[in-house]
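The following exercises ask you to work from the coordinates, step by step, towards a picture of how helices pack. Try each task before reading its solution.

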Amino acid sequence: MMALGVAVVRSLPGPVFFPLRVLAIAYADFFRGIPTILLIFLLGFGVPGLQLSGIPTSELFWGTVSLVLVYTAYVSEVYRAGIDSVHPSQNAAARSLGLSYGQSLRFVVIPQAVRRVIPPLLNDFIGLQKDTALVGVLGVIEAFNQAKIDEAATFNFTPAVVAAVLFVAITIPMTRFTDWLISRDRRRLLAAAGAPV
C-alpha cells in the first residue's frame with residue numbers, strides 16, 4: 001500500500017502537488033539507487049549504534065525496514081507504470097460522469113492499473129523473497145546463515161544445497177503462477193477483442 005501511495009503521489013497533476021511529487025521522486029530514486037545490502041548494513045548497524053532511547057535495536061527489525069524501503073521504491077515504479085498505462089480517456093470518461101479526480105483514480109484508474117501490473121509485482125515479490133538472505137549480514141539467522149552454521153559444524157556443503165533448493169522451491173511456483181496470470185490476461189484481452197483464443 002505504501003508503494004501505491006508513492007505512485008499515486010507521483011501521478012498527481014497540477015503545480016500545487018509539485019513538492020509532494022518531488023519528495024516521491026526523491027524517495028524512489030534514492031532507495032532504488034542505493035544497493036540493498038549497503039542499506040541493510042547502514043540501518044542494521046548504524047541506527048542501533050546511535051543508542052537513541054525508544055528506537056528498536058533488533059537486527060531483524062532494521063533488516064526488514066531496509067527491505068521494505070527498497071522494495072517500496074521499486075514497486076512504486078511498477079504501480080506508476082500501471083497508472084500511466086491507463087488511457088487518459090478512462091479518466092476523462094469518469095470525470096464526465098461526475099466523479100472527482102480522486103474518485104476516478106480510486107474507482108477507474110487504479111483498479112485497471114493494478115490488474116495490469118500483477119505479473120511484474122509477483123516478480124518483485126520473488127526478488128524480495130531471495131533478498132531476505134541479505135539480512136544475514138546483520139547476524140540474523142535465516143536460511144543462508146543457518147546453512148553456513150551447519151556447514152561449519154559438519155564440514156559438509158549439503159546445507160547450502162538444501163538452502164538453495166528451498167529458495168528454488170518457493171521461486172519456481174511463483175514464476176509459474178506469474179506465467180499463468182499473463183496467459184490468462186492475454187486470453188481475456190483476445191476474447192474481448194473477438195479474436196480466436
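**Exercise 1. Determine in which helix alanine 163 is found, and whether alanine 163 is buried or exposed.**

Solution. Alanine 163 belongs to helix H8, where helices are DSSP runs of H or I with at least four residues, numbered from the N terminus. The model is predicted, so local features need pLDDT of at least 70 and side-chain atom pairs count only at pLDDT 80 or more, while totals for chains, interfaces and linings use all residues. Residues are numbered from 1 along each chain as its sequence is written, and side-chain values use heavy atoms, with hydrogens and water left out. The relative accessible area of alanine 163 is 7%, so alanine 163 is buried, a term that means under 20% relative accessible area, against over 50% for exposed and in between for partly exposed (1.4 Å probe, protein chains only). Once neighbours within four places in sequence are set aside, alanine 163 is in contact with Ala143 and Ala147, contact meaning heavy atoms within 4.5 Å.

**Exercise 2. Compare the expected span of helix H7 (residues 143-154) with the distance between its end C-alpha atoms, and find which residues of H7 are buried.**

Solution. The expected span is 1.5 Å times one less than the number of residues, which for the 12 residues of H7 gives 16 Å, in agreement with end C-alpha atoms that are 16 Å apart. The buried residues of H7 are Asn145, Ala147 and Glu151. Because they fall within an arc of 155° when seen down the axis of H7, they line one face of the helix; the arc is taken over the directions from the helix axis to the C-beta atoms. These buried residues pack against helix H8 (158-193). After H7 comes phenylalanine 155, with a positive phi near 55°.

**Exercise 3. Identify the residues with the most contacts inside the largest nonpolar core, and the elements that give two or more residues to this core.**

Solution. A nonpolar core is a set of buried Ala, Val, Leu, Ile, Met, Phe, Trp, Tyr and Cys residues joined through side-chain atoms within 4.5 Å. The largest has 18 residues, and Tyr27, Phe31, Leu39, Leu43, Leu69 and Val135 have the most contacts inside it. Two or more residues come from each of helix H2 (18-33), helix H3 (36-49) and helix H4 (59-85), with H4 giving the most, six residues. Apart from neighbours within four places in sequence, leucine 39 is in contact with Phe31, Ile34, Gly44, Ser66, Leu69 and Val70.
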